[in-house]
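Trainee: Could you take me slowly through one part of this structure, with the terms explained as we go? I would like to look at the cysteine pairs and then at the nonpolar residues packed inside.

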Amino acid sequence: MMNRTKRIVALSAIVALTESTGRGVDLDISVTSGGSNTVTVVPCGGTVDYAVTGVLGDSNNLGLGGFLFDLTFAGGPLEPAHAPVADPMLSFASPLGMNAPGGFGGTVVDGQLVLVGGAQNTLNNTPDHAPAPIGAVITGVGHTEEVLVAGSLTAPIEAGTYVLTVSNLAATVIVGDDQATGYWVVEPAGVGTISHLTVEVLPAQPPATASNDGPACADEELTLLGGPDGMAGYSWTGPGGFVSAQQSPVLSPAVPGTYTLTVTDSNSCIDTAGTTVSSTPDLCEPVVDCNGNAVHDECDVAYGSSDDCNSNGVPDECDLGNTDPSATDECAAAHTACPGTIYTGTTVGATNDGSANCAASGTSPDVWYRYTPSEAGTLTVSLCGSSYDTAISVHTGCPGNTSNQIACNDDYCGLQSQDSASVTPGAYWIRVTGYSGDAGSFTMELTGPDCQPTSADCNSNDLPDECELAGNDCNGNTIPDDCDIADGTTPDGDGDGVMDECDNCPEDANPDQTDGDGNGVGDACEAGAPGDLDGDGDVDRCDLNIILAHRGEPASGPDDPMDLDGDGWITILDARILVTLCTVPRCGTCP
């Protein structure tokens with residue numbers, strides 16, 4: 001019978017903690033981490049240790065008899081708090097003390113902790129009556145600040161402010177002992193001030209970025225590009241045992257493969273990124289290099305150093321070609337020369353920016369042409385008929401020199417030059433020069449495969465015409481509209497930039513072609529009598545039908561002819577106004 005009584009009293013003691021009426025002394029609670037109610041967390045840190053401390057408002061008692069509270073964290077679910085490992089809290093935990101069924105550390109319910117804490121053995125229970133509680137009561141607990149509960153939580157990854165909150169606090173204080181029963185006398189404690197723990201999660205560092213300025217030709221340098229700027233540390237690894245602590249190290253030579261960058265910020269957070277380096281001589285040797293920038297055309301297009309708006313694999317600047325027949329002093333600016341045309345010019349006054357291994361012409365004045373064969377064949381370049389002692393050479397790159405020379409001749413027809421070379425589709429540079437510094441007037445003729453077809457650029461905007469037809473070829477003749485107008489192919493009577501055959505108001509300038517009522521007639525041509533929406537000179541049922549068809553729609557603007565009442569909407573009120581404006585009896589009929 002005694003064991004049953006003890007169990008009932010023990011259960012009543014725990015329940016009493018949750019029914020505190022706040023009589024007597026108050027219990028103040030503070031949740032801290034490292035002694036502070038605010039803790040800063042880096043996003044890669046994760047774990048925050050916390051302590052819940054308590055202190056009674058006065059010491060006119062024998063200290064805490066028990067306590068219970070709930071913990072809620074706005075940043076995510078909690079795990080049970082730690083079990084106590086030393087007095088006095090050992091006396092509040094089973095078997096020395098009493099706890100709710102979940103134990104001293106509380107029970108997880110929907111991510112929050114409920115019923116955290118316990119009570120001392122104020123019943124003076126002994127093992128011969130029940131297995132718990134069996135501890136001796138420790139008095140004076142809470143007269144000074146005491147760590148009641150300790151635990152750990154996981155901070156969220158997302159930056160922000162999150163609060164660990166104490167709620168539903170209930171506590172008892174020991175006020176004496178009952179000599180007759182042997183029990184300690186406890187009374188409910190009031191809820192004092194509660195200071196919660198604020199967890200500040202810092203923003204994550206910018207993600208690591210890794211790229212390179214390739215592609216690189218074999219045996220050439222390439223730079224790895226690391227980011228973001230301002231990190232505390234950078235660490236690259238790559239093929240062949242490559243390592244570097246630089247943000248953007250230079251590879252010399254560029255070894256193909258994947259390179260990985262690890263960045264570390266000031267909070268010791270890390271992130272990684274990778275980039276693939278390609279070094280393919282077949283793509284990078286300037287064999288097909290129409291613009292003479294020493295990069296294969298395929299590389300130019302693939303890596304964005306040249307545009308290719310029509311996706312034909314040829315840089316746009318080469319699509320456009322150059323029909324200027326004159327020679328240029330600089331290789332990089334060479335104009336296109338093609339079979340079927342005789343070219344004339346002079347090297348007098350030209351400078352030297354190329355070389356060849358014939359005619360002692362390494363320092364002779366030279367001029368340049370570019371040749372772009374459309375198919376494989378044999379190119380022959382002849383300077384026969386020129387007025388001075390010439391030299392001719394053909395090169396696969398620009399600037400032309402002995403390393404990319406495929407043909408060179410000094411004297412073929414007297415003191416003039418001619419030579420041939422096998423060619424394939426791509427680009428070649430022809431150097432016209434003279435023997436040992438000689439200069440003069442020349443005549444040049446090419447025979448061999450025709451030049452590659454070039455795109456037209458009728459408006460000289462450096463964009464192939466076929467790339468600007470979208471929205472600029474209203475008559476579908478594959479010629480940009482502005483060129484049609486400029487060359488007089490189609491008239492533009494009102495000068496608004498829209499050719500008459502496509503203009504919805506050809507007699508009045510309206511470059512925006514606004515047609516508010518969608519009747520195919522521009523608003524600029526419908527500025528007639530109010531209500532004459534179809535511009536036929538009458539206000540009739542056809543005009544009424546136009547309003548009814550757009551009823552409930554917003555007006556196109558303050559001058560929308562359908563918005564007769566000016567309220568910004570096309571409504572039945574506008575239809576009623578139009579009926580009063582009809583110029584035919586009973587608004588007539590609409591065919």
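Mentor: What follows goes through the disulfides, one threonine and the nonpolar cores.

This is a predicted model, in which local features need pLDDT of at least 70 and side-chain atom pairs count only at pLDDT 80 or more, while totals for chains, interfaces and linings use all residues. Residues are numbered from 1 along each chain as its sequence is written, and side-chain values use heavy atoms, with hydrogens and water left out.

The structure holds six disulfides, a disulfide being a pair of cysteine sulfur atoms within 2.5 Å. One of them is formed by Cys331 and Cys398, whose sulfur atoms are 2.0 Å apart. Cys331 lies in the loop between helix H4 (316-319) and strand E18 (335-336), and Cys398 in the loop between strand E22 (390-395) and strand E23 (405-409), so the pair ties together parts that are 67 residues apart in sequence. Helices (H or I, at least four residues) and strands (E, at least two) are DSSP runs, numbered from the N terminus. Both Cys331 and Cys398 are buried, where buried means under 20% relative accessible area, exposed over 50% and partly exposed in between (1.4 Å probe, protein chains only).

Another disulfide joins Cys358 to Cys408, with an S to S distance of 1.7 Å, and with -80° about the S-S bond this link is left-handed. Cys358 sits in the loop between strand E19 (342-346) and strand E20 (367-371), whereas Cys408 is in strand E23, so that the pair links distant parts of the chain, 50 residues apart. Cys358 and Cys408 are buried. The disulfide between Cys582 and Cys587 has its sulfurs 1.8 Å apart, and with 95° about the S-S bond that link is right-handed.

Thr380, placed in strand E21 (residues 377-382), counts as buried because its relative accessibility is 17%. Its side chain makes a polar contact with the side chain of Ser420 at 2.7 Å; a polar contact is a pair of N or O atoms within 3.5 Å, where within protein one must be able to donate a hydrogen and the other to accept it, and residues adjacent in sequence count only if both atoms are side-chain atoms.

Turning to the interior, the largest nonpolar core has 38 residues, of which Tyr50 and Phe67 touch the most other members. Such a core is a set of buried Ala, Val, Leu, Ile, Met, Phe, Trp, Tyr and Cys residues joined through side-chain atoms within 4.5 Å. Strand E8 gives the most to this largest core, with six residues. A second, separate core of 22 residues includes Tyr369, Ile392, Val423 and Cys451.
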